[in-house]
Amino acid sequence: MPKRTRFTTWRPLATAATAALLATLLTPAAAQAAPRGSEPVYSYEDAIREAVWVDTGLDGDRDGKHDRVAVDIVRPRETARQGRKVPVIMDASPYYSCCGRGNESQKKTYDAQGRVAQMPLYYDNYFVPRGYAFVGVDLAGTNRSDGCVDVGGRSDIQSAKAVVDWLNGHAKAYTTRTGSTRAQAGWTNGRTGMIGKSWDGTIANGVAATGVKGLKTIVPISAISSWYDYYFQQGAPLYDSGPEWLSDYVDSPDARAKCAAVQQKLVDGAPRTGDWTPLWTERDYVKAARKVEASVFLIHGMQDLNVRMKHVGPWWDALAKNGVERKIWLSQTGHVDPFDFRRGAWVKTLHRWFDHELMGIDNGVDREPMADIERAPGQWDTSRVWPPSGTRTATLRPDRGTQAGVGTLGLHRGHGTASFTDDPKLSETDWAARIDKPTPEKAGFVTRPLTRDLRMSGSSEVTVTATPSTPTAHLSAVLVDLGPATIRDYADAGEGITTLTDRTCWGPSTPADSSCFKETKAKTADVDYTVVSRGWADLGNHASDHKGSPLTPGKRYTITLDLAATDHVVPKGHRLALIVAGTDQGLIDPPADKPKLTLDLSRTSARVPFTGGATAFARATTGAATATPDATFLDGVREPRTTHRVPEGAQ
């Protein structure tokens with residue numbers, strides 16, 4: 001496959017001709033003053049509001065008829081009168097009626113004619129006056145759509161893909177749910193951008209992975225890239241239920257009555273053993289990244305414990321390998337929309353992104369840094385590319401320290417052993433708080449205080465050689481920045497934000513659909529340490545990420561745990577810690593037993609990507625430094641609460 005250039009600027013013929021004409025007529029000063037973005041020149045109050053039902057070609061509810069998905073549309077009336085075609089911004093969601101969208105849990109509402117009156121979120125208010133159509137799609141089995149929810153599978157993805165096909169002239173739609181009168185999409189130029197948070201963004205990933213024509217860009221926010229990694233990591237269960245619970249949660253009453261067969265298929269295809277099955281293969285979008293033709297603007301919270309950062313690294317790397325045009329924002333928040341942690345900058349950037357990708361406006365967004373990373377609450381840094389140039393992996397090795405149970409972390413191979421006993425009542429916060437004390441439930445290894453800042457960017461992995469005492473054992477590995485900081489309190493109910501009462505408005509409103517949303521501010525915590533990356537595994541998956549087996553007590557096993565991607569600077573004077581333990585309470589489920597595990601330190605290591613690689617690590621951990629602190633209890637955020645089983649957008 002030929003490598004694509006980083007960005008392609010597309011301009012409709014009329015736009016290009018107009019630009020050329022203006023260039024000849026205007027003085028250089030006047031030409032430079034010409035608008036470089038779409039302007040709110042169309043009436044939102046007078047916009048066309050309509051609904052169509054798109055034929056998916058599937059019969060998920062087995063009623064003998066093709067499923068039709070409901071599509072609510074808001075588009076400028078003036079462009080329709082002028083015969084001008086407009087691009088589409090689309091959010092396909094299962095939440096429009098059951099649960100709501102955004103920080104204020106907005107749902108779709110309808111007028112007496114069945115036309116959408118309130119479209120959740122601000123996308124329609126802001127973009128329709130600027131010459132875009134906004135399309136809100138009810139996934140199959142939800143709200144006004146036929147079919148069944150299959151949690152990221154063929155039905156979910158086809159419900160949205162069929163709409164993109166219809167917008168591009170390659171699918172059928174009807175003016176009613178059951179009628180035969182066809183609906184045409186002659187009002188659009190066939191260029192679609194998909195956006196959405198959580199499950200919605202996941203659908204955008206999945207549709208892009210089909211390579212569907214007409215989908216020009218996606219903006220996945222806190223989105224899943226592989227559904228296996230939502231429920232398991234390397235065999236370790238992250239939740240006590242499977243996708244059938246989630247399907248039932250969002251199914252419409254009509255779908256719930258018809259979709260027992262789909263529910264059973266989800267149960268049968270997702271065994272709680274954590275073994276990989278064909279169900280997970282169907283829901284793995286990373287493997288299909290080679291088909292992605294749309295550009296990708298990815299947003300994720302580095303402390304998201306719902307849709308975890310494990311969904312970023314493999315997807316981002318696969319897109320890069322296949323030459324996909326990319327941009328990324330990484331915040332300090334949990335599962336939070338950028339509209340609620342960086343509102344003004346977000347709307348401006350999103351506007352410019354869609355203008356460039358869907359209207360072909362050369363506004364320079366393609367020449368700006370690829371990555372924005374939040375370093376402290378509200379303080380952002382940029383990188384020209386991500387991970388940044390010069391990032392290389394360093395192999396860090398744990399070793400015994402001068403005090404039993406308190407080890408060291410450096411570049412030289414360790415020796416001896418370290419042991420811990422799984423305590424399912426404790427979590428990463430308990431381990432990190434007692435990092436300088438020997439405790440029975442963890443093995444901790446710490447660098448000396450750094451003499452200079454050390455930046456880690458990308459995904460790490462920890463290889464562990466362990467001897468279990470029981471036939472089952474789960475492992476956790478975390479990297480921790482030990483040192484005082486003010487961070488977003490991601491363990492709080494708002495996951496790093498506090499919702500205020502004042503509102504700001506993002507476009508015009510109607511009596512039924514306000515563009516005004518509650519403001520937020522950062523919810524912060526002063527801490528003595530910050531967990532910056534995590535990974536989990538079932539030791540029974542030592543021979544394969546996809547299939548586990550019982551362990552032989554007393555036998556030594558080696559397994560490599562994938563740690564989530566991150567971008568974090570460990571400041572001068574802080575220390576970097578690696579902790580290996582058992583059950584991370586609240587984040588993974590415990591094994592059947594409570595094993596004691598003994599680590600062979602000579603065969604245990606962490607591969608961590610640093611700017612400057614091993615050389616940078618060596619420089620930061622040598623030379624004069626402040627003294628290692630006395631063994632004390634360190635303060636962090638509260639322990640991770642039992643996380644959501646629902647990848648939804650509402651707080």
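**Close-up 1. Surroundings of Tyr 44.** Leaving aside neighbours within four places in sequence, Tyr 44 is in contact with Arg 49, Val 74, Asp 124, Asn 125, Val 128, Pro 129, Pro 508, Ser 509, Thr 510 and Asp 513. The model shown here and in the other views is predicted. Tyr 44 sits in the loop between α2 (28–33) and β1 (48–55). Its relative accessible area is 0%, so Tyr 44 is buried. Arg 77 can be located from the same residue: Tyr 44 and Arg 77 are 33 residues apart in sequence, and their C-alpha atoms are 8.7 Å apart in space.

**Close-up 2. The disulfide of Cys 98 and Cys 99.** The structure holds 3 disulfides. Counting bonded cysteines along the chain, their pattern is 1-2, 3-4, 5-6. In this view Cys 98 and Cys 99 are bonded, with sulfur atoms 2.1 Å apart. The torsion about the S-S bond is about -90°, so this disulfide is left-handed. The two cysteines can be told apart by exposure. Cys 98 is partly exposed, at a relative accessible area of 29%. Cys 99 is buried, at 13%.

**Close-up 3. The disulfide of Cys 148 and Cys 259.** A disulfide joins Cys 148 to Cys 259, with an S to S distance of 1.9 Å. The torsion about this S-S bond is about -85°, so the link is left-handed. Cys 148 lies in the loop between β6 (133–138) and α5, and Cys 259 in the loop between α9 (253–258) and α10 (260–269), so the pair ties together parts that are 111 residues apart in sequence. Cys 148 counts as buried, with 2% relative accessibility. Cys 259 is buried as well, its relative accessible area being 2%.

**Close-up 4. The disulfide of Cys 505 and Cys 516.** The sulfur atoms of Cys 505 and Cys 516 are 1.9 Å apart and form a disulfide. With 100° about the S-S bond, this link is right-handed. The pair links distant parts of the chain, 11 residues apart: Cys 505 belongs to strand β23 (residues 497–505), and Cys 516 to strand β24 (residues 516–522). Cys 505 is partly exposed, with a relative accessible area of 47%. Cys 516 has 19% relative accessibility and counts as buried. The cut-off matters for this residue, because buried means under 20% relative accessible area.

**Close-up 5. Helices α5 and α6 in contact.** Two packed helices are described by the angle between their axes and the distance between the axes. For helix α5 (residues 154–167) and helix α6 (residues 199–208), the axes come within 9 Å and cross at roughly 70°. The two helices are therefore roughly perpendicular to each other. The crossing of α5 and α6 is right-handed. On the α5 side, the contact is made by Asp 156, Ile 157, Ala 160, Lys 161 and Val 164; on the α6 side, by Trp 199, Ile 203, Gly 206 and Val 207. By class, this contact has 6 nonpolar, 1 polar and 2 charged residues.

**Close-up 6. Helices α8 and α10 in contact.** The axes of helix α8 (residues 243–250) and α10 come within 8 Å and cross at roughly 155°. α8 and α10 are therefore roughly antiparallel to each other. Helix α8 contributes Pro 243, Glu 244, Ser 247 and Asp 248 to the contact, and α10 contributes Gln 263, Leu 266 and Val 267. These residues divide into 3 nonpolar, 2 polar and 2 charged. The loop that holds Cys 259, shown in close-up 3, lies between α9 and α10.

**Close-up 7. Buried residues of helix α12.** In helix α12 (residues 313–321), the buried residues are Gly 313, Trp 315, Trp 316, Ala 318 and Leu 319. What covers these residues includes α6, β12 (295–301) and β13 (326–331). Helix α6 also appears in close-up 5, in contact with α5 through residues including Trp 199 and Ile 203. Just after α12 comes Gly 323, which takes a positive phi of about 70°.

Key
Residues are numbered from 1 along each chain as its sequence is written. This is a predicted model: local features need pLDDT of at least 70, side-chain atom pairs count only at pLDDT 80 or more; totals for chains, interfaces and linings use all residues. Side-chain values use heavy atoms; hydrogens and water are left out. Axes are lines fitted to C-alpha atoms, for helices over the stretch in contact, and angles run from 0 to 180 degrees between N-to-C directions. Helices (H or I, at least four residues) and strands (E, at least two) are DSSP runs, numbered from the N terminus. Angles under 35 degrees count as roughly parallel, over 145 as roughly antiparallel, 65 to 115 as roughly perpendicular and the rest as oblique. A crossing is left-handed if the near helix is turned anticlockwise from the far one by less than a right angle, and right-handed if clockwise. Contact means heavy atoms within 4.5 Å. Ala, Val, Leu, Ile, Met, Phe, Trp, Tyr, Cys and Pro count as nonpolar, Asp, Glu, Lys and Arg as charged, and the others, Gly among them, as polar. A disulfide is a pair of cysteine sulfur atoms within 2.5 Å. Buried means under 20% relative accessible area, exposed over 50%, partly exposed in between (1.4 Å probe, protein chains only).
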